[in-house]
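Here is a short set of exercises to work through with the model open beside you. Try each task before you read its solution.

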Amino acid sequence: MYTTQGIILKKMDVGEADALYTIYTKDFGKIQALARGIRKEGAKLRGHLESLSLSAIRFVAGRGRERLIAASLICFGEGMRSRETTLGLAFQIAERIDTHCFPGERDAALWELLSGSLSMLDGSTFDDGAAPRFLQEFDARLQMCLGYGSGDRGGEDTVVAGDPSMAYN
């Protein structure tokens, strides 16, 4: 049994009452975990595994994939969800992480980039006019985390948070 924090990247309904979640975790990197019966009325995990939220999760390793056994919502991200621009950016970030990261590869810098970026989008001071630059900066930092970037940003002021003190909470 494993316990960690994770950001819910994606949910896919499976069968009648189950769902398969893609989660980027602090300690295990990207995982895919099945939540049995989560779509049933009164399910204990219901409400704790919303897309783009930060949750404390507990899972067990199963045959071929993990199975969620407990979750507790830490941060829902109300500020981010209240504006169309920031919500759209958050979903684009989640899609990029899901597309470019392999399961089971822990990366502390990538966790800080993801949690810091979502924290910035959740904050009340995010300027919607900075959206294109924010996404461009996120992409550049993602490429650096993945080993494709040079690290030279030309002295520009950064728009994306990468500071551990800015973590999504």
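**Exercise 1. Aromatic pairs**

Task: Find how many aromatic pairs the model holds, and work out how the rings of Y2 and F59 are arranged.

Solution. This is a predicted model, and the count of aromatic pairs in it comes to four. One of them is Y2 with F59: the centres are 5.4 Å apart and the planes meet at 35 degrees, which makes the pair tilted. Next, place the two partners along the chain. Y2 belongs to strand β1 and F59 to strand β4, with these positions 57 residues apart, so the pair links distant parts of the chain. Now check the surroundings of each ring. Y2 has 38% relative accessibility and therefore counts as partly exposed, whereas F59 is buried because its relative accessible area is 3%. Finally, look for further partners: ring pairs join Y2, F28 and F59 into a cluster.

**Exercise 2. A second ring pair**

Task: Decide whether the pair of Y24 and W111 is stacked or edge-to-face, and say which elements it links.

Solution. Start with the geometry. The centres of Y24 and W111 are 6.5 Å apart, with 20 degrees between the planes. Planes under 30 degrees apart count as stacked, and this pair is stacked. Then locate the residues: Y24 sits in strand β2 and W111 in helix α3, 87 residues apart. For burial, the cut-off is under 20% relative accessible area. Y24 has 1% and is buried; W111, at 4%, counts as buried too.

As an extra, look at F76: R81 lies over the face of this ring, at 4.0 Å from the ring centre.

**Exercise 3. The setting of strand β2**

Task: Work out which strands pair with β2, and explain why β2 is largely enclosed by the rest of the structure.

Solution. Begin with the partners. Strand β1 (residues 2-14) runs antiparallel to β2, and eight bridges join them. On β3, seven bridges join β2, again in an antiparallel arrangement. T22 shows both sides of this: K10 stands opposite T22, and in β3 the bridge partner of T22 is Q32.

Then follow the turns. The hairpin of β1 and β2 has three residues between the strands, and G15 in this hairpin takes a positive phi near 65 degrees. Three residues also connect β2 to β3 in a hairpin.

Last, turn to the faces. In a regular strand, side chains alternate between the two faces of the sheet. In β2, D18, L20, T22 and Y24 lie on one side, and A19, Y21, I23 and T25 on the other; all are buried, so both faces are covered. Eight of the eight residues of β2 are buried, which is why the strand is largely enclosed by the rest of the structure.

**Exercise 4. The nonpolar cores**

Task: Find which residues touch the most other members of the largest nonpolar core, and which element supplies the largest share of this core.

Solution. The largest nonpolar core has 25 residues, and Y24, I97, L114 and L121 touch the most other members. β1, α2 (84-100), α3 (108-122) and α4 (131-145) each supply at least two residues of this core. The largest share, six residues, comes from α3. To see one member up close, select L121: beyond its neighbours within four places in sequence, its contacts include R83, L89, I93, F126 and F134. Another core, of 14 residues, lies apart from the largest one, with A35, L49, F59 and L68 among its members.

**Exercise 5. Three polar side chains**

Task: For T4, S53 and H48, find where each residue lies and what its side chain reaches.

Solution. Take T4 first. T4 is in strand β1 and counts as buried because its relative accessibility is 5%. The side chain of T4 makes a polar contact with the side chain of D27, at 2.8 Å.

Move on to S53, in the loop between β3 and β4. At 0% relative accessibility, S53 counts as buried, and its side chain reaches the backbone oxygen of E50 at 2.5 Å.

H48 is also in the loop between β3 (29-35) and β4 (54-61). With 25% relative accessibility, H48 counts as partly exposed. The side chain of H48 reaches the backbone nitrogen of L73 at 3.0 Å. Beyond its neighbours within four places in sequence, H48 is in contact with S53, S55, A71, S72 and L73.

Methods:
Residues numbered from 1 in each chain as written. Predicted model: local features only at pLDDT ≥ 70, side-chain atom pairs only at ≥ 80, totals over all residues. Heavy atoms only, no water. Helix = DSSP H or I, 4+ residues; strand = E, 2+ residues; numbered from the N terminus. Buried < 20%, exposed > 50% of the residue type's maximum accessible area, 1.4 Å probe, protein only. Contact = heavy atoms within 4.5 Å. Polar contact = N/O pair within 3.5 Å; in protein donor to acceptor, adjacent residues only side chain to side chain. Pairing = 2+ DSSP bridges. Core = buried A, V, L, I, M, F, W, Y, C linked by side-chain atoms within 4.5 Å. Phe/Tyr/Trp six-rings, centres within 6.5 Å; stacked < 30°, edge-to-face > 60°. Lys NZ or Arg CZ within 6 Å of the ring centre and 35° of its normal.
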